[in-house]
Amino acid sequence: MTAPLKRVLMRRPGSSLQNANAAEWHYGPGFDGARAIEQFGVFADLVAACGTEIIWIEDSGDGMADAMFTHDPSLVSDKGAIILRMGKPGRVGEPALHAAAYRAAGIPILGEIKAPGQVEGGDCIWVDDLTLAVGRGVRTNQAGIEQLGEILSPLGVTVLGYDLPLGNGADACLHLMSVMSPLDEKLALVYAPMLPVGFWQLLKDRGYTLVEAPRNEFEASNGLNLNVLALTPGEVIMVDGFPKTRALMEQAGCKVTAFEADALCIPCEGGPTCLTRPAWRE
Ligand SMILES: NC(=[NH2+])NCCC[C@H](N)C(=O)O
């Protein structure tokens, strides 16, 4: 999850976000569609500046405001994409956008999560090439985790499920990736108090070093201080305004770039990792 990012699926927000009803989408008080779109532009430039090819999904005014969070509706394995099935009711139309984008880009589709299964990409973390940790919570259920295991076992991948806490309730977004971001090969930023214990033990067993994000910045950022995207091992993008979290990553050897996202990420509950669906890292 930290190897150089070569190809990524993204959706530039447009009228669907601009016209979103904040209460319906569970967006917080700082939500401002026009400013969010501007901030997204800065973020997309940072990704492109790294030499990453962006496969764009257009916002055609389909009303899918959350579709800019392309991390969630699909997952990509060495043998092709897996089309997921959303746990948030407003997002059920998004996996079809991804399936169409993969077909158009010539990326094979390996499998699909079907009802009653639910899996969101934000709940899936590759701990190594052959181990996928999946958070079981409001967005991802046991049936979905089992289907993912069946799709990935022919590739020699083991899928392990871990229970997530309820956090701020069923309407809020809490994924496994909300409490852990990979920064480098065996280095991760975590919010320790909310990590599933079994997952924490797995990371320790696999030799990970954990950088612990401070509680006050986690709370002040609605958890977005923790949502950090690695463009290449140890080179990461974060949301601006969380100096203690930044300093801890720098002390751990990371090169950190921050962008302003007070209108985009904090109210909409998704950060740099959520805004990208890596399709190829190498
Ligand atoms: N992978 C992520 N953390 N995605 C964040 C998605 C945020 C989006 N508003 C939702 O609630 O679904």
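**Strand pairing, helix packing and local backbone features**

Helix 8 (residues 243–251) lies across strand 13 and strand 14, running at about 155° to strand 14. Helices (H or I, at least four residues) and strands (E, at least two) are DSSP runs, numbered from the N terminus. Lying across or touching rests on contacts, in which the C-beta atoms of two residues, placed from the backbone, lie within 7 Å. Axes are lines fitted to C-alpha atoms, for helices over the stretch in contact, and angles run from 0 to 180 degrees between N-to-C directions.

The structure is a predicted model, in which local features need pLDDT of at least 70 and side-chain atom pairs count only at pLDDT 80 or more, while totals for chains, interfaces and linings use all residues. Residues are numbered from 1 along each chain as its sequence is written. The chain has a mean pLDDT (the predictor's confidence in each residue, from 0 to 100) of 97, and 100% of its residues reach 70 or more. For the complex, the predictor gives an ipTM of 0.96 and a pTM of 0.97.

Strand 13 and strand 14 belong to an open sheet of 3 strands with the order 12-13-14 and mixed pairing. Its edge strands are strand 12 and strand 14 (255–259), each of which pairs on one side only. On average, neighbouring strands of this sheet are turned by 30° against each other, direction ignored. Two strands pair if DSSP finds at least two bridges between them. Strand 12 and strand 13 (residues 235–239) pair in the antiparallel sense over 3 bridges; leucine 229 has isoleucine 237 in strand 13 as its bridge partner. Helix 3 also lies across strand 13 and strand 14, at about 155° to strand 14.

A further open sheet of 3 strands has the order 6-7-8, again with mixed pairing. Here strand 6 (124–128) and strand 8 (158–163) are the edge strands, each pairing on one side only. The average turn between neighbouring strands of this sheet is 30°, direction ignored. Strand 7 (residues 131–136) pairs with strand 8 in the parallel sense over 6 bridges, and the bridge partner of alanine 133 in strand 8 is leucine 160. Helix 5 (residues 142–152) packs on the sheet and touches strand 7 and strand 8; its direction makes about 165° with that of strand 8. Helix 6 (residues 197–205) packs on the sheet as well, touching strand 6, strand 7 and strand 8, with its direction at about 135° to that of strand 8.

Strand 9 (residues 180–184) and strand 10 (residues 187–190) pair in the antiparallel sense over 4 bridges. The two strands form a hairpin with 2 residues between them, and aspartate 184 has leucine 187 in strand 10 as its bridge partner. Strand 9 is mostly covered, since 4 of its 5 residues are buried. A residue is buried if 20 or more other C-beta atoms lie within 10 Å of its own, exposed if 12 or fewer, and partly exposed in between, with C-beta atoms placed from the backbone.

Aspartate 184 is 166 residues from glutamine 18 in sequence and 35 Å from it in space, C-alpha to C-alpha. Glutamine 18 lies in helix 1 (residues 15–18) and counts as partly exposed because 15 other C-beta atoms lie within 10 Å. Not counting residues up to four places away in sequence, glutamine 18 touches Gly33, Ala34 and Ile37.

Several loop residues were examined individually. Histidine 26, in the loop between helix 2 and helix 3, has a positive phi of about 65° although it is not a glycine. Histidine 26 counts as partly exposed because it has 17 C-beta neighbours inside 10 Å. Proline 29 is placed in the loop between helix 2 (22–25) and helix 3 (33–49), and is exposed because only 8 other C-beta atoms lie within 10 Å. Asparagine 222, in the loop between helix 7 (215–220) and strand 12 (229–232), likewise has a positive phi, near 60°; this residue is buried because 22 other C-beta atoms lie within 10 Å. A cis peptide bond with omega of about 5° joins alanine 115 and proline 116. Proline 116 is in the loop between strand 5 (109–112) and strand 6.

Of the 15 residues around the ligand, Phe69, Gly122, Cys173, Gly270 and Cys274 come nearest; a residue is near a molecule if its C-beta atom, placed from the backbone, lies within 6 Å of it. The shell around the ligand has 5 nonpolar, 5 polar and 5 charged residues. In this classification Ala, Val, Leu, Ile, Met, Phe, Trp, Tyr, Cys and Pro count as nonpolar, Asp, Glu, Lys and Arg as charged, and the others, Gly among them, as polar.
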